[in-house]
Amino acid sequence: MEDRDLQLRHLLTGQPFGEGAIRPEIVERRIEQVRQFVDIENGIAVLSDLKRDLSYIFSGDMGRLLGLEPGPMVIPSIFEDDIFGCIPPDELVERHVLELRYFQFQSHLPVEQRHRYHTACVVHFNLPGGRTIAVLHRTYYLERLDNGSVWLSVCLYTPSVVSPEGFVGQIIDSASGVPVPIVEYEQHDQQMLSPREKEVLRLLAQGLGSKQIASRLCISTNTVYRHRQNILAALQVNNTAAAVQIGLRLRIIS
């Protein structure tokens, strides 16, 4: 698993779930819904329990192209690495950005409105023999705890009838089918880092080291180190190169 996805996993599984018991009847109801989706669509569905850090994977005929069993398979992770391994690395970066935005966007909404939104994008599966297919990927946060923490999420994969140039990812209002305007993502993007952290990230993107940044900004090296750690945590990545990559993609820096 890439560092950036490992850190996103920590973001999702590290929410304040509390000590309340899991309600198995809710899990069973959602499992049955996911099973029915696969029976109808013949795609792949991954139901993730963020509190217990595990997933149930169901797959129809499309899953057999990847060598997946019909399921359900239970894996000790909220990320379906066997599926991610078939997706080009640049598209996985965009997927990371989209889910980071989705999580941040939802955290700014009233709890009662959060069920209305999901993500939608087109990715590509690289299949054995050199064949590539376009796939519609959607993510829904299905169940939340009383404190608003996301408990159950689902990723749905179905063949796409279109294969757009480049990667297209959006947050969709499920009630109307209308994409959320990009400006609403961007305003949350800019709130991820403080003005000083943006300055530090911009200088890191220019190739400056911590001592050079300290001298340029007239602050101590220890302060630069603290800003760097804050940047990694906010962008859910594990190294400076990934932070710069995500910062550029989110337009936090240019």
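Hi everyone, let's start with the core: of the 254 residues of this protein, 52% count as buried, where buried means under 20% relative accessible area, exposed over 50%, and partly exposed in between, with a 1.4 Å probe and protein chains only. Before going on, please note that this is a predicted model, where local features need pLDDT of at least 70 and side-chain atom pairs count only at pLDDT 80 or more, while totals for chains, interfaces and linings use all residues. Residues are numbered from 1 along each chain as its sequence is written, and side-chain values use heavy atoms, with hydrogens and water left out.

Now the overall picture. The protein has 10 helices and 8 strands; these are DSSP runs numbered from the N terminus, helices being H or I with at least four residues and strands E with at least two. Its radius of gyration is 19 Å, which agrees with the value near 18 Å for a compact globule of 254 residues. That radius is taken over C-alpha atoms, and the globule rule is 2.2 Å times the number of residues to the power 0.38. Along the principal axes, the C-alpha atoms fill a box of roughly 60 × 45 × 35 Å.

What about contacts, meaning heavy atoms within 4.5 Å? Among those between residues at least 6 apart in sequence, 59% join residues at least 24 apart.

Let's zoom in on α10, which spans 240–249. Which of its residues are buried? They are Ala-242, Ala-243, Val-244, Ile-246 and Gly-247, and they pack against α5 (89–107), α7 (195–205) and α9. As a general reminder, an α-helix has 3.6 residues a turn, so residues three or four places apart point the same way. At the N-terminal end of α10, Asn-239 acts as a cap, with a side-chain oxygen 3.2 Å from the backbone nitrogen of Ala-241.

Just after α10, we meet Arg-251 with a positive phi of about 65°. Arg-251 counts as exposed, at 58% relative accessibility.

Where else does a residue other than glycine take a positive phi? Cys-218 does, with phi near 60°. You'll find Cys-218 in the loop between α8 (210–217) and α9 (221–235), and Cys-218 is exposed too, with a relative accessible area of 71%. For context, most residues other than glycine have a negative phi.

That's my tour, from the overall fold to two backbone details. Thanks for listening!

Methods. Contact means heavy atoms within 4.5 Å. A polar contact is a pair of N or O atoms within 3.5 Å; within protein, one must be able to donate a hydrogen and the other to accept it, and residues adjacent in sequence count only if both atoms are side-chain atoms.
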